[in-house]
Amino acid sequence: MNLEVRDMVPADLPATLDIYNDLIESTTVAWTERPQTLDERRAWFAEQRRRGFPTLVAVDGPEVVGMTSYGDFRDSVHWPGYRFTAEHSIHVRDDRRRGGIGRVLMHELISRARRNDIHVLVAGIDSDNIESIRFHEQLGFAEVARMPETGHKFGRWLDLVLMQRILDGEIEAS
Ligand SMILES: CC(C)(COP(=O)(O)OP(=O)(O)OC[C@H]1O[C@@H](n2cnc3c(N)ncnc32)[C@H](O)[C@@H]1OP(=O)(O)O)[C@@H](O)C(=O)NCCC(=O)NCCS
């Protein structure tokens, strides 16, 4: 394995779309039943760049094997008090899970978050996604809320688990 974590570029979008859409049809990891289109993904990526939010991929040679990013936890343009808190997402290609790629991606994302003065990172996880809950526990995240029936997919209610990690380092009061 020749793993590298770097900033996502437009040429990575189709591969990251496949990784994401793979989960839509068969799992409750993401709460939508409609696959994302490439145009929607391009628009999302452009917005990530405009806002200065990090969007990272893990590549093994020419292959994209995972990605992670963060954005607002709650709308920090309208409620600037939330600007030191971000919500992230992370996906590793299904045939490459449990090989340490997720951990490497999160370490880089956390380092970017610190550099950008993010104080708290939040993960919003479907309560059935025990793999992700264990993964985040290993990375120092703790469950802070469990919100029953806040989601709906495949004809049933879903519970949201919120996990957070307060990142080290002081922020300058402004
Ligand atoms: C969650 C996810 C990102 C983890 O990525 P990964 O590359 O498989 O994780 P790693 O190999 O880096 O695992 C790091 C540690 O997390 C824990 N962990 C990871 N997957 C686990 C699983 N399926 N069951 C239990 N613990 C797990 C383990 O402690 C693991 O360390 P170990 O293998 O030395 O025991 C990956 O499973 C994934 O993409 N899942 C589908 C999408 C998803 O659920 N995303 C998160 C949405 S909130």
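Here is a quick briefing on the ligand, the pocket around it and two backbone oddities. Keep in mind that this is a predicted model. The ligand takes up the space of the largest pocket, and 20 residues surround it. Away from that topic, E149 and F154 each show a positive phi without being glycine.

**Who surrounds the ligand**

- Of the 20 residues around the ligand, the closest are I90, V92, R98, G102 and N129.
- Four elements each put at least two residues into this shell: β4 (85–92), α3 (101–115), β5 (120–126) and α4 (130–138).
- The top contributor is α4, which brings five residues to the shell.
- Sorted by class, the shell comes out as seven nonpolar, eight polar and five charged residues.

**Backbone contacts to ligand oxygens**

- At V92, a backbone N or O atom sits 2.7 Å from an oxygen atom of the ligand.
- For R103, a polar backbone atom is 2.9 Å from a ligand oxygen.
- G99 also has a backbone N or O atom facing a ligand oxygen, at 3.2 Å.
- On its own the ligand would expose 910 Å², and the protein buries 80% of that.

**The pocket itself**

- How much volume does the largest pocket have? It comes to about 1500 Å³.
- Its lining counts 47 residues, and those nearest the centre are I90, H91, N129, S132 and H136.
- I90 and N129 turn up in both settings: they are among the residues closest to the ligand, and they also lie among those nearest the pocket centre.
- Plenty of elements help to line the pocket, with at least two residues each from α1 (13–26), α2 (38–51), β3 (63–72), β4, α3, β5, α4 and β7 (156–166).
- The lining splits into 18 nonpolar, 18 polar and eleven charged residues.

**Two backbone oddities**

- As background, most residues other than glycine have a negative phi.
- E149 goes the other way, with a positive phi of about 55°, and its place is in strand β6 (residues 142–153).
- F154 has a positive phi of about 55° too, although it is not a glycine. Where does F154 sit? You'll find F154 in the loop between β6 and β7.

Terms used
Residues numbered from 1 in each chain as written. Predicted model: local features only at pLDDT ≥ 70, side-chain atom pairs only at ≥ 80, totals over all residues. Heavy atoms only, no water. Near = heavy atom within 4 Å. Polar contact = N/O pair within 3.5 Å; in protein donor to acceptor, adjacent residues only side chain to side chain. Areas by Shrake-Rupley, 256 points an atom, 1.4 Å probe, with all protein chains shown as cover. 1 Å grid on protein atoms, 1.4 Å probe; cavity = no way out; pocket = protein on both sides within 12 Å on 5 of 7 lines; lining within 4 Å. Sits in = over half its atoms within 2 Å of the grid points. Nonpolar A, V, L, I, M, F, W, Y, C, P; charged D, E, K, R; others polar. Points joined across faces, edges and corners; volume = space filled by probe spheres on them.
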